[in-house]
Amino acid sequence: MRRLPIVSIFALFAIVGAARVDIDLINETIRDLLHFKSSDPNITAFHRSSHALTEHMKDLYRIFLDEDSNEDGNLVRAIEPAVGKFEGQEVLVFDVDGFDAHESIMRAELHFYLRRRDAFSSRRSRQIRAKSICVNEYCRQQTLKKIRASGDEEYKVIWDATKSVFDSYHLDAKQAVFRITREHSKMRPYSEMIRKSTPFLVIYSKVNHTLDTKQVIQQTEQTKRKRRDLGNEDLREYYTYNSIPLDNDEREPVRRKSGKKNSLSEEMSSEDVWQGFGEETSREERERKANEELANDVRVVLLQNKNRCHKEGTLVSLKHFGWDKFVMEPKTIETSFCKGKCAKPMLASGKASNHAMLQSLFAAEPVCCAPTNLKSLNFLYRDEKGRTVIRNYSKMLIGSCSCL
């Protein structure tokens, strides 16, 4: 199925002024962005993720926000283990089923925190070993190599698990299995180890993140048909919201300067019934003064700001649609678009490109108000299997608008 350009997401419900947008359409858009199979986010409950895993993913999410991307990929998953047994010994089992089609595994890390933090932590960390367990005939066991951690490296051990996860993915395995041991001593039961040392697997991938607008619309219509078949047409409402300016560079209103009066009428009292009597002014002079006053009127300046090229849109609350149970960040999604007119000819004081300046002089077609830069939309959420996920959609949000 052909995937449409990612920037078309807000063409689904971009609006001008007050408008009503179908809740089903918004729900299906969010579902597609999060790669959920179910249209209803209220059907699943998860156990609480460990504090270590949550804080690690929050730190990664902040990096995505600061850098607007990540060199290790645009999709990161953090997976907590279950305890299993292989050949009579306990192992950590990580669910790697349901990955995206054509996903490229870039890197994988196995994290492990030491239970006690004291002067001997560094020596204990050197005694910890980890190896992957092969559960089919096409792979082999591998001893994992340690990666030097930064900051709390004395209390934390990280292993490179890229090869093991890569093999599991390409062999269509649904699980990645690891065994952690300590040199010269026996490990505690794995259930206790999970509770106190909070091991988790972090997988970095690259995916073709695009929004399938055709699929979203089809799913929306299918949801409506199901509701009609069940006789529940009135259960869904429309989401009504207003389009507002989202620019941060609004011009200050021009106000009348205080100080010396500019005309005889301003010097006189408003109660003087003879005000202006005997004053001789030409028609041109009266029109000039009227235009000056109109130009200094705050209402006119605000109207001019509204009509000029700017970014406009709305903030859609994820909590309003029930997705806050899954999505930790962001709380809202900005659905913005560029709106307004470009002057002809254009002034050099604006943010217009040189092309727009030239076009405003000679071309018959008007200069377009369009995005000058696009930003990423990043999600930090838990998927349908309870895994903590970061998804990065590049060039999804409008940074600013200008005449191009």
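A salt bridge here is a side-chain nitrogen of Lys or Arg within 4 Å of a carboxyl oxygen of Asp or Glu. Keep that handy, and keep in mind that the model you're looking at is predicted.

**Exercise 1. Arg-107 and its partners**

Task: Work out which residue meets Arg-107 in a salt bridge, and which ring its charged end sits over.

Solution:
- Start with the acid. Asp-72 and Arg-107 come together at 2.5 Å, N to O, and the cut-off is 4 Å, so the pair counts as a salt bridge.
- Now place the two residues. Asp-72 is in the loop between helix H2 (51-67) and strand E2 (75-79), while Arg-107 belongs to strand E5 (residues 104-113). They are 35 residues apart, and the pair links distant parts of the chain.
- Next, the ring. The charged end of Arg-107 sits over Tyr-204, 4.2 Å from the ring centre.
- Finally, check the exposure: Arg-107 has a relative accessible area of 23%, which makes it partly exposed.
- For another arginine over a ring, look at Arg-77, which lies over the face of Phe-99 at 3.9 Å from the ring centre.

**Exercise 2. Two more salt bridges**

Task: The whole structure has 15 salt bridges. Take Glu-28 with Arg-31 and Lys-385 with Asp-95, and say where each partner lies and whether it is buried or partly exposed.

Solution:
- In the Glu-28 and Arg-31 bridge, the closest N and O atoms are 2.7 Å apart.
- Both residues belong to helix H1 (residues 23-34); being three residues apart there, they are separated by about one helical turn.
- Glu-28 has a relative accessible area of 2%, so call it buried. Arg-31 comes out at 7%, and it's buried too.
- Over to Lys-385 and Asp-95, whose side chains meet at 3.7 Å, N to O.
- Lys-385 sits in the loop between E17 and E18, and Asp-95 in strand E4 (residues 89-95), so this bridge ties together parts 290 residues apart in sequence.
- On exposure, Lys-385 is partly exposed at 42% relative accessible area, and Asp-95 is partly exposed at 29%.
- One last step: follow the shared partners, and Asp-95, Asp-97, Lys-174 and Lys-385 join into one network of salt bridges.

**Exercise 3. Classify a ring pair**

Task: Nine aromatic pairs turn up in the structure. Decide what kind of pair Phe-379 and Tyr-393 make, and which strands they come from.

Solution:
- The ring centres are 6.4 Å apart, inside the 6.5 Å limit for a pair.
- The planes stand at 90°, so the pair is edge-to-face.
- Phe-379 comes from strand E17 (residues 369-382) and Tyr-393 from strand E18 (residues 388-403), so the pair ties together parts 14 residues apart in sequence.
- Both residues are buried.
- Elsewhere, ring pairs gather Phe-36, Trp-323, Phe-326 and Tyr-381 into a cluster.

**Exercise 4. The faces of helix H6**

Task: Find where the buried residues of H6 fall when you look down its axis.

Solution:
- Get the helix laid out. H6 (residues 213-230) has 18 residues and spans 26 Å from first C-alpha to last, close to the 26 Å expected at 1.5 Å a residue.
- List the buried residues: Thr-213, Val-216, Gln-219, Thr-220, Thr-223, Lys-224 and Arg-227.
- Look down the axis. The buried residues of H6 fall within an arc of 140°, so they line one face of the helix.
- Turn to the other side of H6, where Lys-226 and Asp-229 are exposed.
- Just after H6 comes Gly-231, with a positive phi near 75°.

**Exercise 5. Reading the strands**

Task: Identify the edge strands of the open sheet with the order E3-E4-E10-E6-E7, then describe how E14 pairs with E16.

Solution:
- The sheet has five strands, paired antiparallel.
- Strand E3 (82-86) and strand E7 (142-143) each have a single partner strand, so they stand at the edges, with one side of each lacking a neighbour in the sheet.
- At the E7 end, two bridges join E7 to strand E6 (residues 128-133), and the two run antiparallel. Ser-132 stands opposite Gln-142 in E7.
- Now E14 and strand E16 (residues 332-339): they pair in the antiparallel sense over eight bridges, with Lys-311 opposite Cys-338 in E16.
- As for burial, six of the eight residues of E14 (residues 310-317) are buried, so the rest of the structure largely encloses this strand.

Technical notes:
Residues numbered from 1 in each chain as written. Predicted model: local features only at pLDDT ≥ 70, side-chain atom pairs only at ≥ 80, totals over all residues. Heavy atoms only, no water. Phe/Tyr/Trp six-rings, centres within 6.5 Å; stacked < 30°, edge-to-face > 60°. Helix = DSSP H or I, 4+ residues; strand = E, 2+ residues; numbered from the N terminus. Buried < 20%, exposed > 50% of the residue type's maximum accessible area, 1.4 Å probe, protein only. Lys NZ or Arg CZ within 6 Å of the ring centre and 35° of its normal. Expected span 1.5 Å × (residues − 1). Arc of directions from axis to C-beta. Pairing = 2+ DSSP bridges.
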